Amino acid sequence: MAATMVSSAGALLAMLNESHPQLKQHALYNLNKFVDQFWPEISTSVPLIESLYEDEEFDRHQRQLAALVVSKVFCYLGDLNDSLSYALGAGSLFDVSEDSDYVHSLLAKAIDEYASLKAKATESNAEAANVDPRLEAIVERMLDKCIMDGKHQQAMGIAIECRRLDKLEEAITRSDNVHGTLSYCINVSHAFVSRREYRCEVLHLLVNVYQKLPYPDYLSICQCLMFLDEPEGVASILEKLLRSENKDDVLLAFQIAFDLVENEHQAFLLNVRDRLSVPKSQSSEMVQPKSSDPDPAQNNSSTASEDVQMTEGTSASIAIVQETDPNDAIYAERLTKIKGILSGETSIQLTLQFLYSHNKSDLLILKTIKQSVEMRNSVCHSATIYANAIMHAGTTVDTFLRDNLDWLSRATNWAKFSATAGLGVIHRGHLQQGRSLMRPYLPQGGSGGGGSPYSEGGALYALGLIHANHGKGIKQFLRDSLRSTNVEVIQHGACLGLGLAALGTADEDIYDDIKSALYTDSAVAGEAAGISMGLLMVGSASEKASEMLTYAHETQHEKIIRGLALGIALTVYGREEEADTLIEQMTRDQDPILRYGGMYALALAYRGTANNKAIRQLLHFAVSDVSDDVRRTAVLALGFVLYSEPEQTPRIVSLLSESYNPHVRYGAALAVGISCAGTGLSEAISLLEPLTSDVVDFVRQGALIAMAMVMVQMNEAGDSRVGTFRRQLEKIILDKHEDTMSKMGAILASGILDAGGRNVTIRLLSKTKHDKVTAVVGLAVFSQFWYWYPLIYFISLSFSPTAFIGLNYDLKVPKFEFLSNAKPSLFEYPKPTTVPTTTSAVKLPTAVLSTSAKAKARAKKEAEQKANAEKAAGAESSSAATNTGKEKSSSEKDADSVQVDSQPEKKAGPEPSFEILTNPARVVPAQEKFIKFMEDSRYAPVKFVPSGFVLLRDLQPTEPEVLSLTDAPSSTVSPAGGSATGQQGSASAMAVDEEPQPPQPFEYTS
Amino acid sequence: MDPKLAEVSQLFERFKAACAREDVDTCCNVLSKLKVLLTGFSSLPPLFEDTPNAIHELTLARDIYEHAVLLSVKIGDQDAFERDFFQLKPYYTDASSSRLPPSSQEYMILGLNLLRLLVQNRIAEFHTELELLSSTALENPCIKHAVELEQSFMEGAYNRVLSAKQTVPCKTYDYFMDLLAKTVRDEIAGCSEKAYGYLSVSDARQMLLFSSDNELLQYIKELLLPVLYESL
């Protein structure tokens, strides 16, 4: 039977006017039931019901009921504030578990209100006295309900938002899947807790909870501890695992160490390492070479002028220890390994081997660039050298330089400086032999050595690049070089090198050395000194910043001010709110250069936080500052603030990218480049595309570079625009009428696109979503190349290899296969460029004037001569390369037809939908989600991660292992050019087992 | 029979008896008790639950409220009338559709309500109520009476309004008809204040439909109409 419904609340409202209290109660009771339907009618009588609520004579329950009715009506009227205050009056009648629009919206309101009150209370440091206890009660009821219902994620979210750590803990401990909840909580606290201080509190709590668990997730704990900067905790966990009987625990410890290293927090890693206790039985003489050396001077004295030889020293000590106590011996052995990992040496060595063995760089691209660039144009000439360095970053392959020594020798003065420094990028991470590699160029003993100061300075800078963030063994040498010279070019190189090597160590002695270089008040040395001080003090927020600021006000040199401004910005890296005073001071300065530094300070202090306040401030400066430099930097800085959420950036800067001001457009391009680096994000490419053909040359430059950063490691199968972009680059490079600026951009872009032998990407976040200090700092300094080209090399700091490297207990790379569940073509290397043969043949005949025909014939002859010369020089290079010369004349006529991938691919059948990769393998970021480990494999990963260093558990430990990655680079390195000197014999003889041999040095023929 | 229902019926009988005796105080007391008792029935609006005794309870409740309305007319309490009428209304509008046979008093009471609105000069609400009525209801003499009155009232044919007192369909209407005369008088007085600079006593008496000068003077004193007072 159809239920009869009332059509009006009139009767009930009339009943409210009755004198008998019981009738009123009845009316209220029924009104409450029907309020959802009749609230418009009731709203006219709200004053009446309000008076009932305020009527002291009424009994409590009834007054609460009245309040509830009023609250509901207000809620429907959209007045949530009044609604909430009456709902509070309703006390327990307000049922948080009710599933209605009213309750949902009011709960949201109540939680918002409570959270904002709590936040305000903590910010002003006042106690939460002014929080309505009734409000608190509601929120608590809500939290309890969530916990009861098993909605732990909700409860955690609310608890974090409301700063109720007690409830947070309860929610976590009472959930069924504590591990899952905890990791969720860590993610949440990184993504949504904007105040650093509070985030630390949350993480502290999480660590506590973790430690109470029966099976703690040590990987996560250590990540938290790293964020909290508590090396003691990490050290004790590692030690516990190392002392364990179970081999798996040891593997886990290694894995933790690798994960920590990935975040590149040098000072922290050193601290952890120092805190690992040494086995009791070990004699003091063992300890010395082994434990990390706080004093680099001592270390240097023991290893003299040789390179760091960590491994040898330690293996010797193990031999002795084994005689004393087997347990301690095992521990000592493990300790050695973990210290090797923590110092970064193991991972650097493996990376180096990987990059060398998998190098797929395309020399033909460089050759094309080289040939099309005018000899006298030094900007493009050095750009080509930069591009080469970037392309081969970390691969130790310097074939191109060796093959073109004549051409290289055209670099003079600063170009020579950067050409030498480029070697540092190529040999990045070649820790063992860095010194011997660079020896020919380094300042020799007394300052009277024959070398040019430019190559000497460059060599010092190169040493810094090689040892970036791992400069234990090289610091002292760089300091000595800095002290013993008064040539500003050498000082410049030494300062940069020292800054890189001692990145973030906050070493006082080094600081003083650099400071004395700064106080010479020479513009060139001072600029580098300023940056270097910042590098040294990264993220320390020390009071050195004010000292630097004072000097920036005193000096007359703009270069020094700029260097210092960036340096100051670096010191507040990641400090978020703590940096606000300094940022305020800088952004209000009279001097535009310091304001410009202020933008960097904002960018770095709030790196990757997507903090709204910082974004708002930057946008404000981007449109309102009077100086173009400041505006450009403000936009660019957005890229740093937003890199944790790359999808946001194109949206935020899209308006700015259409600004009338070319500086703002340039900034927008780089902002997208920085924050979307390596993502290949479609929106980012769409935004950058129009900018690559901007009317202003430097905007084109920025856009090309940014585009390359976004597209790193993508191939045409991923996005067809990659192919278009490659062709565009080639066209710009070959076009004689193109502006130098954009040409330089295109050359650099081709370098970045194929960076590190096509095996690296630009990554600012580690796999655990922590920021990678070195990478961010590297990009920040790189973005300074606007003023100072040699700083381009800093981009190499942000490269991280896209490799899966599985390691066994001995930290060796066993042969091991796993699956990539996607078409191989999606992620394969871009095909090597070839010179078109057929396409130009079918070209329509064009009318040729006799004069131009003559000119052409002349050109052809010249080209052929050149080609012949090249053929002689580069006979060993691939046949495709030699083709270049022959086809040159035709490709010159029709530059447009030069194409990438012109060879049609012949495929026998349909492409397989999966691919079997062999350890170590290239796994690009987009590929990671397709990686699977095989069930029946001999090895199982300790922790499932699709890339990076992964420790493997050997399931058949008795069988002999097959190792890969043992090919020594020396076997394939082509013999050096004519000017090679034979002085390297001794150096190669002492090469340590699998380490790539140092290439032969060469000299400029000036 | 349900004891609760029996109790209500019993009490209702007492109420009716008291009504017959014109014992107003008893009536009011009993009525208040009755209303409280009625809240105990879930079959009544606004819940309309389908209980076994639903029809019986609904009928009884409707009777009670109808009597309450009539009582309020009797004691001349317009607020009480409004309250009781609104509580009665769901029985007519919502309950009649399903189970409850229509009440014989329905149109009479609706007409009374229309009259009340007219008396209180709430013309907008009057028309709202009118719109809600069906065409058959409009044919009913009680309703028709009120509608005609309103028309005369609007036209300004006040004599027709006053003469309509003789044609009331039911004697309970008298109370409101008297009040209506006063409303009409107020309206006339309000208009004449604007319309005339002065007015002789006899004209005024005729115009305001008073039978004697004394009554007129009394009325003027109550209102203290400035125009009329000057002319005296």
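These legends describe close-up views of aromatic contacts in a predicted model.

**View 1. An aromatic pair within helix α35 of chain A.** The whole structure holds 33 aromatic pairs over all chains. One of them joins A:Tyr596 and A:Tyr600 in an edge-to-face arrangement. Their ring centres are 5.5 Å apart, with 80° between the planes. Both residues belong to helix α35 (residues 592–605). They are four residues apart, about one turn of the helix. A:Tyr596 has 2% relative accessibility, so it counts as buried. A:Tyr600 is also buried, with a relative accessible area of 2%.

**View 2. A tilted pair that links distant parts of chain A.** A:Phe827 and A:Phe930 pair at 5.8 Å centre to centre, with 45° between the planes. The two residues are 103 residues apart. A:Phe827 lies in helix α46 (residues 824–827). A:Phe930 lies in the loop between β6 (921–922) and β7 (931–932). A:Phe827 counts as buried because its relative accessibility is 12%, under the 20% cut-off. A:Phe930 counts as partly exposed, at 25% relative accessibility.

**View 3. One aromatic cluster in chain A.** The tyrosines here are A:Tyr386, A:Tyr454, A:Tyr461 and A:Tyr793. A:Trp414 and A:Trp788 belong to the cluster. A:Phe417 and A:Phe794 complete it.

**View 4. The charged end of A:Arg435 over the ring of A:Phe477.** The charged end sits 4.2 Å from the ring centre of A:Phe477.

**View 5. The charged end of A:Arg922 over the ring of A:Tyr829.** Here the charged end of A:Arg922 lies 4.0 Å from the centre of the A:Tyr829 ring.

Conventions:
Residues are numbered from 1 along each chain as its sequence is written. Chains are lettered from A and ligands numbered from 1 in the order in which they are written. This is a predicted model: local features need pLDDT of at least 70, side-chain atom pairs count only at pLDDT 80 or more; totals for chains, interfaces and linings use all residues. Side-chain values use heavy atoms; hydrogens and water are left out. Rings of Phe, Tyr and Trp (its six-membered ring) pair if their centres lie within 6.5 Å; planes under 30 degrees apart count as stacked, over 60 as edge-to-face and the rest as tilted. Buried means under 20% relative accessible area, exposed over 50%, partly exposed in between (1.4 Å probe, protein chains only). A charge sits over a ring if NZ of Lys or CZ of Arg is within 6 Å of the ring centre and within 35 degrees of the ring normal.
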